[in-house]
Amino acid sequence: MTKHEPARSREQRKQDALDHLEKDKDAWVSTASPDGVPTLVPLSFVWDRGTLLMATRRTNPTAVNVTPAGHARIAVGHTRDVVLVEATAEVIEEADLATESGDAFASELNWDLRGRPTWVYLRFTPIAVKAWREDNELTGRELMAEGRWLD
């Protein structure tokens, strides 16, 4: 049996999760079609005003899946230091994207999609967040429920 670091407090896990969301740039995004066909893709993201902002071609399954269902699961970090986000999802056309959000996306990812009509932005708003490193952190891994950070 492997010896683990002591389990982090909820406060520390929340801070570590926010650090991942603010500093990491890539995530695994899981969506499903209306008939239940899953799609799992890596996408780059920016933590933008409490949401994950991503982009993909409007015809890609992830963008198509977001339109009818409006839900996604997102994993950030490594398997031994994961932040798992359940989120509502929406497609945002460039014309509807706040200038500050477009600027943040372009600046942080060095990738400006504005003026490229084949692409759309995806905004994922967390409704549940879990974070853990090892099995000793499975208890208490819930950090957010119903869109609110837990005390």
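1. Rings of Phe, Tyr and Trp, the last taken by its six-membered ring, pair if their centres lie within 6.5 Å, and planes over 60 degrees apart count as edge-to-face. On this basis the structure, which is a predicted model, holds three aromatic pairs. In one of them, the ring centres of F105 and Y121 are 5.4 Å apart; their planes stand at 90 degrees, so the pair is edge-to-face.

2. As to the placement of this pair, F105 belongs to helix α3 (residues 99–109) and Y121 to strand β7, so the two rings tie together parts that are 16 residues apart in sequence. Both partners are on the buried side of the cut-off: F105 has a relative accessible area of 0%, and Y121 has a relative accessibility of 3%.

3. W111 and W119 form an aromatic pair that is likewise edge-to-face, with 5.2 Å from centre to centre and 85 degrees between the planes. Buried means under 20% relative accessible area. W119, at 14%, is therefore buried, whereas W111, at 28%, counts as partly exposed. F105, W111, W119 and Y121 together make up one aromatic cluster.

4. The largest nonpolar core comprises 26 residues, and L52, M54, I74 and F124 have the most contacts inside it. Two or more residues of this core come from each of α1 (10–23), β1 (26–32), β4 (51–57), α2 (61–69), β5 (71–78), β6 (81–92), β7 (119–132) and β8 (142–145). Strand β7 gives the largest share, five residues. As general background, nonpolar side chains in soluble globular proteins tend to be buried together.

5. The contacts of L52 deserve separate mention. Leaving aside residues up to four places away in sequence, L52 touches L21, F45, V46, W47, I74, V85, L122, R123, F124 and P126. A second, separate core has eleven residues, including V46, L53, F105 and L113. Thus V46 is listed among the contacts of L52 and is also a member of the second core. F105, a member of the aromatic cluster, likewise belongs to that second core.

6. Which residues does D16 touch, not counting residues up to four places away in sequence? They are R8 and R133. D16 is located in helix α1 and, at 14% relative accessibility, counts as buried. The side chains of D16 and R133 are joined by a polar contact of 3.4 Å.

7. A further arginine is placed against an aromatic ring. The charged end of R141 sits over the ring of W132, at 5.8 Å from the ring centre.

Notes: Residues numbered from 1 in each chain as written. Predicted model: local features only at pLDDT ≥ 70, side-chain atom pairs only at ≥ 80, totals over all residues. Heavy atoms only, no water. Core = buried A, V, L, I, M, F, W, Y, C linked by side-chain atoms within 4.5 Å. Buried < 20%, exposed > 50% of the residue type's maximum accessible area, 1.4 Å probe, protein only. Helix = DSSP H or I, 4+ residues; strand = E, 2+ residues; numbered from the N terminus. Contact = heavy atoms within 4.5 Å. Polar contact = N/O pair within 3.5 Å; in protein donor to acceptor, adjacent residues only side chain to side chain. Phe/Tyr/Trp six-rings, centres within 6.5 Å; stacked < 30°, edge-to-face > 60°. Lys NZ or Arg CZ within 6 Å of the ring centre and 35° of its normal.
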